Protein chains: 2
Amino acid sequence: MAERELIRKIRERYHRVDSMLFAGIGDDCALFGNTASNPWMITTDMLVDNVHFNLNWHDPYRLGRKSIAANISDIAAMGGIPKFILLTFCFPPAVKDEWLEQFLGGIGDMCSEYGCAVIGGDTVSGNELSFSVTVVGTSAGVSPVKRSGALAGDIVFVSGCLGSAALGLKLFQAGMSVEELTLFHLAHLDPSPQVKLGRRLAEGKLVSAMQDLSDGIATDLAHICHESGVGAILDENLLPMEENFSEYCNALQLDPTAIQLKGGEEYQLVFTVPADKETSLHGLRKEGFSLYRIGEIQEGQGVRLQRKNGRIEDISYQGYEHT
Amino acid sequence: MAERELIRKIRERYHRVDSMLFAGIGDDCALFGNTASNPWMITTDMLVDNVHFNLNWHDPYRLGRKSIAANISDIAAMGGIPKFILLTFCFPPAVKDEWLEQFLGGIGDMCSEYGCAVIGGDTVSGNELSFSVTVVGTSAGVSPVKRSGALAGDIVFVSGCLGSAALGLKLFQAGMSVEELTLFHLAHLDPSPQVKLGRRLAEGKLVSAMQDLSDGIATDLAHICHESGVGAILDENLLPMEENFSEYCNALQLDPTAIQLKGGEEYQLVFTVPADKETSLHGLRKEGFSLYRIGEIQEGQGVRLQRKNGRIEDISYQGYEHT
């Protein structure tokens, strides 16, 4: 059973009306609380050795950081503030105490940087290294930004260059030797969730829909389109890339645009802005936030890409899916 | 690194003062919320194949039920009401869709019986079957019962017979053939968390400390003693056992008392009652709740057992520990 089918089944089968539940499965976080105007956010993820990370290049300190970052990013994507972390680990007996210390150090530093406390967990000795992380965030009185609010005419933005983390992974996989880790390697090893930007966008009521880039924009924007009942068109000329991105892609014989569209685990934000609010983003740009306009929302469904040669193709759900 | 040492490190290192956090690591659940008088409860557990369950005898339906029950039990142990569930699964490719359907069916039925909604999760394909379950509960205006409130002179109670689930596991492990599953087998396969009882005890302010029996009373009561700064003495004559418990133990050449003290995963409640409130428990007994007095809280530390021959021995932390 594919992951998407399984999640669909669970979502249909275990749906339940509850006066304290404001959003269940289907967005970056679920929303619950005593009042709908000030809900708590909660999200969980599992990371498994050789599926989500590779210990040949992922050092334990950065792996600890990334385990937390991936979940904090879901809170950022709704404009919330991450507060509490619960962790479950399964460690094979071969994992050394020193490795564990560094891994815990990474978790601790990430929690400190984002103001989170670890409030629960479980540890088990098994055969396969894996962790699950649950993060609870607060909306602190600001309405969470859902995936479902995009309207035709809204403008699509991303908060950073596309494909950097995906290229970093490809560089590791190809065993390409470098004198020091490039920003692409680091984007894969140690991503930064966009909590401050997500919060500012939510507080300012500047965005109609938002989510984080965990599976590649071709898939993540398709989720926004599906939940909002709209379509989107992106302009290949506008997809932002870091300096030297094309050169590294060419060296690996990779299509730069494909990596930008399909690359997972970027943990940037993709969001839609009503056209009359676009000028309100200037203030954020002045403060140093990167905001790239890459396309717009249209009537219809699915995500399409206008190529540099003018051809338009459907790219919905072509992003990365962990098998 | 042993589980207890790892948890101690995490507890010390990631402790953080937060105005929305009322209890972190160290009790059945963590407590958070906007007001201390009405906190949310949250707890998480991980279950790994061949560590926490054995697919040779654990059918997928009951395994789904038990995955949820184990966590709901932590909410029961603080007197809360379980509300929301988040699940992460790691499935090997060999797991068949039919198995998965039955497993999800067990999860769904357990959630329905206890009024819970599944609000989030993640699925991954890996080599080892494992799940993590996070449960959020509400205190709904009733102060959560902590482990730390026991005082010398309080009476120690348990909510059901001891060792039944542990004996069931031993029966499976011994491959003892039976015409049909005994209540011991079922206590292991499909335990019932004591949500109603926990809630009634908390609402009536009848208990000074409480926790669920997940690692055996020798360990679980030791946690209460440690957190409360007291000791406890149990009377071997008072440890409740199901009919035929001794006979089955004898057939397997097991010491019945050892199984009662050390057996994990019972998911009954152990709680302490101030002596002047003991008569208030009559009402609960009349309603059909089983409440067994097994000992009392004393000055000092640790858990001791008075044997039938009058000898007293220290049994602190002699319960089951998953390696």
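**Sheets and domains of chain A**

Biologist: How are the six strands of the open sheet ordered in chain A?

Modeller: The order is E1-E2-E3-E6-E4-E5, with mixed pairing. Strands here are DSSP runs of E, at least two residues, and helices are runs of H or I, at least four, both numbered from the N terminus. Two strands pair if DSSP finds at least two bridges between them.

Biologist: Any caveats on numbering and confidence?

Modeller: Residues count from 1 along each chain as its sequence is written, and chains are lettered from A in the order written. It's a predicted model, so local features need pLDDT of at least 70 and side-chain atom pairs 80 or more, while totals for chains, interfaces and linings use all residues.

Biologist: Which strands stand at the edges?

Modeller: E1 (21–23) and E5 (117–125) of chain A; each has a single partner strand, so one side of each lacks a neighbour in the sheet.

Biologist: And how do E4 and E6 pair?

Modeller: E4 (residues 81–91) and E6 (residues 130–138) of chain A are antiparallel, over nine bridges. A:Phe89 sits opposite A:Phe131 in E6(A).

Biologist: Switching topic: what domains is chain A divided into?

Modeller: Domain 1 is 3–138 and domain 2 is 155–314, with bounds from an automatic or database domain assignment. In chain A, 18 residues of domain 1 are in contact with 19 of domain 2, meaning C-beta atoms, placed from the backbone, within 7 Å.

Biologist: What supplies the largest share of domain 1's side there?

Modeller: H2(A), with nine residues of the side of domain 1 of chain A that touches domain 2 of chain A.

Key
Two residues are in contact if their C-beta atoms, placed from the backbone, lie within 7 Å.
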